Amino acid sequence: MGTEKEAVVVKGLEDVYVKESKLCLVDGEKGRLLYVGYDIRDLAERSSFEETCYLLWHFRLPGQDELETTRRGLAEERKLPKDILNLLKRLPKTTVPIDALRTAVSALAAYDPELADDSRDANLRKALRITAKVATIVAAFHRIREGAEDFLRMLSGKAPDPLDTKIMDVALILHADHSLNASTFGATVAASTLADLYSDVVAGIATLKGPLHGGANEQAVKMLLKIGSPANAEPYVEKALARGEKIPGFGHRVYKNFDPRALILRDYAKKLTQRGGDSTLLDTASAVQEVMLRNLQAKKIYPNVDFYSGVTYYLMGLPPDVFTPVFAVARVAGWAAHVMEYWQSNRIMRPLDLYVGPTDAAYVPIDRR
Ligand code: ACO
């Protein structure tokens, strides 16, 4: 099969559809993003992360009681088993937060009494539990590492101000889903074998980690800090492009226009800059954007969500290696939603690779090689 002449290899699965979904529309040409038909800009302004979770898991907005039940459920499920806290404490101090998260979610599976129950109701309860606990794991690991009731308070050890609270909620809404991105695909591949939801989420976290996907927010801000000032943006970017490097926080497989999430977060980064009084980071980001558009707009390369989420989280005081775990705190809702939807008409994911190796190798015993 794989060696047939007519076989077409689609590198990176570009433009290949592998399932239908009613969850998320990414209109890459217009720069539009919808969850179950609702525009992301409306959700960012008027919804909450809890309501967005309900929307993704039930394909409709909740009524007041349903929202309250979701809120209460998430709050009640935040607590981690002591063993998981101990596990986090025992990891080597050099462990990066995204690895700690992946490890802890994997271990957490053993503590869920419904792990093997594959009914939709049990999976909905597991989705809620994992979503609640992922946030706690990220915050707990950070506190353990730094030696510090909500996510921001858990991270910083102090009560967040209303602007930070609003921005974190918006960021979680914006990152909750994004159609069949690499990590959601990773989670779906695991799910397609009927592996349990925890295993699927672990696959999602593992796939999110890379700098070409969720890891780009950390890389983007590290690059901006290295550039240091708007005046350095042009020489830095032009040299990097001349060396054939990719600039983190730019480009996207689907968006051929501004990523609407980036634009929303850029507005919040402006508010944080006004509050903090130092505009160096945001000005440097604007200068990098300008140079990038000048060089690459013809190729339809625009800033993506990671460029401005990185700036925003940094201005909120989060350490860069926690940015990707925060992405996971939100995206776990989408991974669970896609997996549960896929299971409604599951088929194992099993693509092909085109074999281009030898076909006539003669085995030589080891003592004669
Ligand atoms: N910097 C410089 N050039 C770029 C960039 C970039 N960030 N992104 C794409 N290009 C160029 C490529 O070199 C290529 O040019 P060519 O046609 O002359 O060879 C062209 O634009 C198309 O890029 P591809 O690499 O083919 O795009 P692909 O869809 O395979 O990759 C990706 C998309 C991985 C996002 C890529 O743009 C990239 O590496 N960006 C930087 C990392 C990043 O920000 N990732 C986060 C994405 S958003 C998310 O996952 C949440």
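How many residues lie between β2 and β3 in their hairpin, and which residue in the turn has a positive phi? There are 2 residues between the strands, and V36 is the one in the turn, with a positive phi of about 45 degrees. The model is predicted, so to speak of local features takes pLDDT of at least 70 and side-chain atom pairs count only at pLDDT 80 or more, while totals for chains, interfaces and linings use all residues. Numbering runs from 1 along each chain as its sequence is written, and side-chain values use heavy atoms, with hydrogens and water left out.

That hairpin belongs to an open sheet of 3 strands in the order β1-β2-β3, with antiparallel pairing. Strands here are DSSP E runs of at least two residues, helices are H or I runs of at least four, and both are numbered from the N terminus; two strands pair if DSSP finds at least two bridges between them. The edges are β1 and β3 (38-39), each pairing on one side only. β1 (residues 24-27) and β2 (residues 32-35) share 4 bridges: C24 has Y35 as its bridge partner, and V26 stands opposite L33. The hairpin of β1 and β2 has 4 residues between the strands, and G31 there takes a positive phi near 70 degrees. On the other side, β2 and β3 pair over 2 bridges, with L34 opposite D39.

Now for the ligand. It sits in the largest pocket. On a 1 Å grid over the protein atoms alone, a pocket is an open set of points with protein on both sides within 12 Å along at least five of seven lines, and a molecule sits in one if more than half of its atoms lie within 2 Å of its grid points. Elements giving two or more residues to the shell around the ligand are α14 (280-296) and α15 (305-315).

The ligand has 22 residues around it (a heavy atom within 4 Å), and H213, I247, G249, R253 and K299 come nearest. By type, the shell splits into 12 nonpolar (Ala, Val, Leu, Ile, Met, Phe, Trp, Tyr, Cys and Pro), 5 charged (Asp, Glu, Lys and Arg) and 5 polar (the others, Gly among them).

Polar contacts are pairs of N or O atoms within 3.5 Å; within protein, one must be able to donate a hydrogen and the other to accept it, and residues adjacent in sequence count only if both atoms are side-chain atoms. A polar side-chain atom of K299 lies 2.7 Å from a ligand oxygen atom, and one of K246 lies 3.0 Å from an oxygen atom of the ligand. F250 uses a backbone N or O atom, 2.8 Å from a ligand nitrogen atom. The protein covers 70% of the 920 Å² of accessible area (Shrake-Rupley, 1.4 Å probe) that the ligand has on its own.

Conventions:
On a 1 Å grid over the protein atoms alone, a cavity is a set of points where a 1.4 Å probe fits but cannot get out, and a pocket is an open set with protein on both sides within 12 Å along at least five of seven lines; lining residues have an atom within 4 Å of a point.
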